[in-house]
Amino acid sequence: METHEARRFVVLDFYRFVAALGVFLFHLKNVDKGISPAWNGSYGLFVDMFFILSGFVISYSYPAKSTGVRSYLRFMIRRVARIYPLHVLTLFVFAVLGFMGVAGPTPNSNLADFFYNLFLVQAWGVTDHLSFNSPAWSISAELFCYILFPVLMLIAANVRPLWLAAIVAITYAVLAHGSLPIWQERSQMYGANFDYGMLRALPSFLNGILLCILFKLSADVRRKPVVIAGILLFAVAILILNIFAKPDLAIILFSLAILLTAIGESAFKQFPGASWLGRLGNTSYAIYMLHELLIILVFKPAWIHFGLRPAGFAVFALASCVILTIVADITYTYIENPARLLINRLSAWSFRSPDEYRSPREEVLHLGEPEQAAN
């Protein structure tokens with residue numbers, strides 16, 4: 001059967017969009033202590049799905065022949081260009097708000113915290129609290145995985161998939177269930193952030209690399225209906241998070257959903273609604289990075305100003321999701337993506353001899369890459 005190696009998995013992009021909104025709702029419910037317990041789902045675990053997705057799509061798009069220091073520097077620059085501009089923008093906005101005395105979720109932020117955040121090491125065990133834009137801890141954890149990426153790929157390339165699966169399982173078991181004293185609470189990897197949150201990201205990122213290897217071995221089973229199974233598993237995983245709060249089961253379901261969705265989507269020349277799914281996927285990083293800011297400046301003040309009650313939280317949450325998505329779309333179009341392209345273009349020029357320069361327009365086209373990595 002004919003298959004199509006998708007340069008961009010738009011359904012996975014949509015999963016990332018849903019997950020970003022899930023994390024937003026996980027924090028939005030704190031606008032009122034009277035919000036129904038029905039909204040207390042473990043949506044913070046969507047962050048672990050981000051790590052899995054990042055491992056999958058980055059290893060999928062990374063050229064097999066890219067080796068050596070030069071290729072590694074190119075890789076790191078592109079990854080930093082993807083995550084850093086919006087991170088720095090939100091960091092400075094939070095710093096200004098702190099200077100103005102506007103209370104946020106991390107009121108104890110100090111000068112040392114600013115530099116930890118600036119260099120994206122705040123999730124590496126250097127501090128004992130969250131600070132500034134608190135969700136950015138996961139970007140710090142992502143950076144840790146990017147730095148280790150060549151090592152992880154080397155491991156993946158030199159062991160059989162079955163052995164790699166065993167390594168992934170053991171890593172999860174040790175970090176999530178080893179009663180390690182590095183976590184704020186024993187055996188609580190899935191709640192880690194400032195307390196060595198980068199180690200929380202590691203097994204999921206490696207899991208994503210494993211899923212990519214399995215996907216590349218799936219050429220004989222790529223059929224369009226498989227994507228339906230992937231979507232259903234993703235829905236079941238959300239249900240597990242909302243009702244049962246079983247992180248290990250959710251991780252397994254997310255992993256299967258990602259693999260089956262990629263297998264099924266690759267059978268399409270173009271997935272139905274690809275342009276809209278891709279556009280929503282593009283907003284996911286901005287949704288994740290901006291949502292705390294908008295909760296402080298817009299959504300919580302609106303809740304208080306209009307005297308809203310917990311019974312109306314569902315409608316309020318829906319309206320807030322729409323507003324946040326629009327803001328994220330604008331941010332991606334006018335700030336995030338232009339900054340990424342500019343950094344990539346400048347770095348590409350620095351890697352070439354003068355006779356290899358392209359025009360700015362040609363360079364933008366050349367550097368266009370699928371917006372796969374999360375956050």
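Reader: Which helix do Arg16 and Asp13 both lie in?

Author: Bear in mind that this is a predicted model. Arg16 pairs up with Asp13 in a salt bridge, with the closest N and O atoms 2.9 Å apart. The two sit three residues apart, about one turn of the helix, and that helix is α1 (residues 10–28).

Reader: And how many salt bridges turn up in the whole structure?

Author: Side chains of opposite charge can pair when their charged atoms come close. Here the cut-off is a Lys or Arg side-chain nitrogen within 4 Å of a carboxyl oxygen of Asp or Glu. Searching the whole structure that way gives five.

Reader: What about α2 and α5: how many charged residues are in their contact?

Author: Helix α2 (residues 46–61) packs on helix α5 (residues 137–157) at about 35°, with the axes 11 Å apart. On the α2 side you'll find Val47, Phe50 and Phe51 among others, and they meet α5 residues including Trp137, Glu142 and Tyr146. By class, the contact has nine nonpolar residues, three polar ones and, for charged, just one.

Reader: Which hand does the crossing of α7 and α9 have?

Author: Helix α7 (residues 197–216) and helix α9 (residues 247–265) have axes that come within 10 Å and cross at roughly 35°. Among the residues that meet there are Leu211 and Phe215 from α7, and Ile258 and Leu259 from α9. As for the hand of the crossing, it's right-handed.

Reader: Let's go to the surface. Which helix gives the largest share of the nonpolar patch?

Author: The patch covers about 700 Å² and is made by Leu89, Leu318, Val322, Ile326, Ile330, Tyr334 and Ile335. Leu89 belongs to helix α3 (residues 68–99). The largest share, six residues, comes from helix α12 (residues 313–350).

Note on methods:
Residues numbered from 1 in each chain as written. Predicted model: local features only at pLDDT ≥ 70, side-chain atom pairs only at ≥ 80, totals over all residues. Heavy atoms only, no water. Axes fitted to C-alpha atoms, helices over the stretch in contact; angles between N-to-C directions. Helix = DSSP H or I, 4+ residues; strand = E, 2+ residues; numbered from the N terminus. Contact = heavy atoms within 4.5 Å. Nonpolar A, V, L, I, M, F, W, Y, C, P; charged D, E, K, R; others polar. Patch = residues over 30% accessible without salt bridge, like charges linked within 9 Å, V, L, I, M, F, W, Y side chains within 5 Å. Areas by Shrake-Rupley, 256 points an atom, 1.4 Å probe, with all protein chains shown as cover. Left-handed = near helix turned anticlockwise from the far one by under 90°.
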